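User: I should like to go through the reasoning behind several labels attached to this structure. Please set each value against its cut-off.

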Amino acid sequence: MADRVYPSAKPNPQPSQALNGGGGGGAGGAPSFPPTKGQTYSATLPAYRPQPRKPPPPRRRSRRGCCCSCCLWLTLIIVALVLLAAIAAGVFYVIYRPRRPTFEVDGLRLSAFNVSGAGQLTSRLDLNVTARNPNAKIVYLYDAASISVFSGDVDVGDGSFPAFVQEAKNTTHLSAKLSAPSSQTLDSTAASDLRKKTSLPLEIAVDTKVGVKIGGLKTKKMGIQMRCEGINIGVPKGKAAPVASSPNAACKVKLRIKIWKWTIS
């Protein structure tokens, strides 16, 4: 009797898919598995390519360094200018030996002096001044000068000197007639004091501008002030006009520099 063959109770397993998307499960193919996360990301990302190296950005100079450099150069320029000015001044002094002009009151006469009951002062003065230029190579160019004579706070007389040119080593005699300003009105105390006085202490102030001429070069004119103090004169009584007791009073000369609204003496 022939043997009967029965099928196996266990089913044959399905052939697994080939790894990495291989073909169907043949009898001789390798088993396939689903891709991992790393394989999926590597499939979607582009290939890495090294970027070219960028040159470093230029270095910026700090503001502090620029300021220091500017200050250093400015200081050097100022020092150089000061040295050049000092050298020029020294050369000028050696060549020309500049000296200030001198002024002297050599005559002052009070011919009239009266104070009215309303406080109005009436006066007449004759003033003579001698100006000397002691320089051998410098010429002075004077503008017209204004003159004021004071006794305390009272303006006794005003006048002027004409403009003139004073050559080197020259002596110039200046004369002027002065009178009290009509606009001045004294208070009762000042008027009473002046009526009682027999002599007046006077102070003379002269303001003008002067320039310097050296050869063919002329400088810009600058303000000067001449002040003469220590002069006493008697108050006239009758027709006689008294003369100042100290006619040869020396006068001080100051340079007046005007900067905007201020005047420096």
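User: Which residues do ring pairs link into a cluster?

Analyst: In this predicted model, ring pairs join Phe103, Tyr140, Tyr142 and Phe164 into a cluster. The structure holds 3 aromatic pairs.

User: Why is the pair of Phe103 and Tyr142 called edge-to-face?

Analyst: The ring centres of Phe103 and Tyr142 are 6.2 Å apart, and pairing requires centres within 6.5 Å. Their planes meet at 85°, and an angle over 60 degrees counts as edge-to-face. The pair is therefore edge-to-face. Phe103 belongs to strand 1 and Tyr142 to strand 3, 39 residues apart, so that distant parts of the chain are linked.

User: What makes Phe103 and Tyr142 buried rather than exposed?

Analyst: The cut-off for buried is under 20% relative accessible area. Phe103 has 10% and therefore counts as buried. Tyr142 has 4% and therefore also counts as buried.

User: Why is the pair of Tyr142 and Phe164 described as stacked?

Analyst: The centres of these two rings lie 4.6 Å apart, with the planes at 20°. Planes under 30 degrees apart count as stacked, and the pair of Tyr142 and Phe164 is therefore stacked. This pair also links distant parts of the chain, from strand 3 to strand 6, 22 residues apart. Both Tyr142 and Phe164 are buried.

User: How do you know that strand 3 pairs with strand 8 and strand 6?

Analyst: Pairing requires at least two bridges between the strands. Strand 3 and strand 8 (residues 199–214) have 4 bridges in the antiparallel sense, with Leu141 opposite Gly211 of strand 8. Strand 3 and strand 6 (residues 164–166) have 3 bridges and also run antiparallel; here Tyr140 stands opposite Gln166. Both cases meet the cut-off.

User: Which way do the side chains of strand 3 point?

Analyst: In strand 3 (residues 139–142), Val139 and Leu141 point one way, Tyr140 and Tyr142 point the other way, and all are buried. In a regular strand, side chains alternate between the two faces of the sheet.

User: What makes Asn133 buried, and which polar contacts does its side chain make?

Analyst: Asn133, in the loop between strand 2 (121–132) and strand 3, has a relative accessible area of 3%. This value is under 20%, so Asn133 is buried. Its side chain makes a polar contact with the side chain of Asn135 at 3.1 Å. A polar atom of the Asn133 side chain also lies 2.9 Å from the backbone oxygen of Ile138. Both distances are within the 3.5 Å limit for a polar contact.

User: Why is Lys169 called exposed, whereas Arg97 is called partly exposed?

Analyst: Exposed means over 50% relative accessible area. Lys169 has 58% and is therefore exposed. Arg97 has 49%, between the two cut-offs of 20% and 50%, and is therefore partly exposed. Phi is positive in each residue, near 55° for Lys169 and near 50° for Arg97. Lys169 is in the loop between strand 6 and strand 7 (171–179), and Arg97 in the loop between helix 2 (63–96) and strand 1 (102–115).

User: Where is the confidence of the prediction highest and lowest among the elements of the chain?

Analyst: Strand 3 has the highest mean pLDDT, 96, and strand 12 (residues 262–264) the lowest, 50. Over residues 16–27 the pLDDT is below 50. Where pLDDT is low, the predicted coordinates should not be read in detail.

Technical notes
Residues are numbered from 1 along each chain as its sequence is written. This is a predicted model: local features need pLDDT of at least 70, side-chain atom pairs count only at pLDDT 80 or more; totals for chains, interfaces and linings use all residues. Side-chain values use heavy atoms; hydrogens and water are left out. Buried means under 20% relative accessible area, exposed over 50%, partly exposed in between (1.4 Å probe, protein chains only). Helices (H or I, at least four residues) and strands (E, at least two) are DSSP runs, numbered from the N terminus. A polar contact is a pair of N or O atoms within 3.5 Å; within protein, one must be able to donate a hydrogen and the other to accept it, and residues adjacent in sequence count only if both atoms are side-chain atoms. pLDDT is the predictor's confidence in each residue, from 0 to 100. Contact means heavy atoms within 4.5 Å. Rings of Phe, Tyr and Trp (its six-membered ring) pair if their centres lie within 6.5 Å; planes under 30 degrees apart count as stacked, over 60 as edge-to-face and the rest as tilted.
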